[in-house]
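Biologist: I should like a close look at one part of this model, with the terms made explicit. Please keep to the way its elements are arranged.

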Amino acid sequence: MPFLDKLQLWADEYPHDTAVVVGSRRLNWAELRDAATGHLSAAAATTVLAEPNSVGFVGKYAAAVAGERRCAVLDPQWPQAMIDEVSSRIVQPVIATGDELVDGDPSSTFLIGLTSGTTSVPKAFTRSRRSWQVSFKASIEFFGLTRDDRTLAPGPLSASLNLYALSECLYAGAACHTLESFDVGDAHAAITHDGITRLVLAPTMLRLLSERGLAGDVDASGIRSIICAGSKLDGRTLEAARRWAPNAAIYEYYGASELSFVSGTRLAAGEPLDIGGTGIGAPFPGVELRILDDSGRVLPDGAHGNISVRSGMVSNGYLWGDDGQALRCLDGWYTVGDQGYMDNGTLHILGRRSDMIITSGKNVYPHEVELALASVPGIETAIAAGAPDDIRGQKVIAGVVPAYGAVTATQLRTGLDGLLARDKWPLQYFVLSEVPMTDRGKVSRKVLLDWIKNHDARAKPLG
């Protein structure tokens, strides 16, 4: 793993500096090195980690990728039967070799990543040590990470966003803080008492921390950068984050587990906000980016197609679960099927082609509808989908969760004016009592359509 040689360096040069903090427990660089070394004898050739956040997890993770070992990090909240099934597919009866905490060959596999899919068992792909070393160099350059930074990634380390943040900090020699489990109060306490300078988190967490931080007068003036991924930031979250952390540059980036970083943008403190837009920056450092059709032909600016990349950060491919569409190679350019277009060097994200709504012959992507609706005052979150329609083939419908009080269809239409082309406006709105989710906790348009079809009380139509 590319951070182990660096970990040894930091332990030699800065042994007493803080390396990792999880809740109330912390390890300095020398303690982390010793803890990881202590786990080496028990680290198999392939290790499956399915544990909640702890300093023990960090030590085991470092040991699990030493030498030529490889590691799979699973969500401990998964059903035990699923953890057992994934483990049985991954773990090979091979004895690990090497008892030193050093990095293996750059071309060798160190990480087995899991992504959600349509099947009961998540898809599994692999990454080489070199792919993350290239990613570290690119992200440290883009985000401006230094050894003086104190990063808080308050989510679970089983999620790729947080696992990468931890690994990036270990590579850069910067302290990484997280929580035993996400709690707004605990996150605010860490920001206040540990002098956090950098946040890495999903947009939903940023909104919670910002809005409750403003309400509780939590001082976030020391935060210099906020890094978000998972979905594009909506206007309400951006405005709240800007007010709560006025000195922070806000970064958002688009990437995929199989591709790593694709594009990103930096919004400096005081820079005007782009409310409701689909743009998410220029190609990431070290990434070549094109929009290609299904035959691999390059499409011009403004034309919708497959977001395709060439970079040293792309994964090796799948161990299982690839149906030929999950990760495709078009003449050396890789795509996961996400759709978008380029406009003057900026990538605009539209979403997966499978989510596209075709209404009266026009293509509408739910993602752009959701971004616009989420920017309407009084809306907590929004989800759009295509419902069957005898005249149009499909019609755009949307469910909204109000932030407070009541909401009307007229209020939503007025709010969309200027944010979304009129021929993409939903024809019907529903007020949701909760966000429709799958049993794995992912937002689901299918569940929304099922609620509407079955007249579920959680989706009430607006007149």
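How are helix 1 and helix 2 oriented to each other?

Modeller: The model is predicted, with local features requiring pLDDT of at least 70 and side-chain atom pairs pLDDT 80 or more, whereas totals for chains, interfaces and linings use all residues. Numbering starts from 1 along each chain as its sequence is written, and side-chain values rest on heavy atoms without hydrogens or water.

Helix 1 (residues 4-13) packs against helix 2 at an angle of about 135°, the two axes being 8 Å apart; helices (H or I, at least four residues) and strands (E, at least two) are DSSP runs numbered from the N terminus, and axes are lines fitted to C-alpha atoms, for helices over the stretch in contact, with angles from 0 to 180 degrees between N-to-C directions. Helix 1 and helix 2 are therefore oblique to each other (under 35 degrees is roughly parallel, over 145 roughly antiparallel, 65 to 115 roughly perpendicular, the rest oblique). From helix 1, the contact draws on Leu7, Gln8, Trp10, Ala11 and Asp12, and from helix 2 on Trp29, Ala30, Leu32 and Arg33, contact meaning heavy atoms within 4.5 Å.

Helix 2 has a further helical partner in helix 3. The axes of helix 2 (residues 29-39) and helix 3 (residues 55-64) come within 8 Å and cross at roughly 60°, and this pair is therefore also oblique. On the helix 2 side, Leu32, Ala36 and His39 take part, meeting Gly56, Val58, Gly59, Lys60, Ala62 and Ala63 of helix 3. Leu32 thus figures in the contact with helix 1 as well as in the contact with helix 3.

Helix 2 also lies across strand 1 (18-22) and strand 2, running at about 95° to strand 2. Strands 1 and 2 belong to an open sheet of 9 strands, ordered 2-1-8-7-9-10-11-12-13, in which the pairing is mixed; strands pair if DSSP finds at least two bridges between them. The edges are formed by strand 2 (25-28) and strand 13 (282-283), each of which has a single partner strand, so one side of each lacks a neighbour in the sheet.

Further along the order of this sheet, strand 11 (residues 249-256) and strand 12 (residues 260-267) are joined in the antiparallel sense over 7 bridges. There, alanine 256 has serine 260 of strand 12 as its bridge partner.

The chain also contains strand 23 (residues 379-389) and strand 24 (residues 393-402), an antiparallel pair with 10 bridges. These two strands form a hairpin, with 3 residues between them, and alanine 385 stands opposite isoleucine 397 of strand 24.
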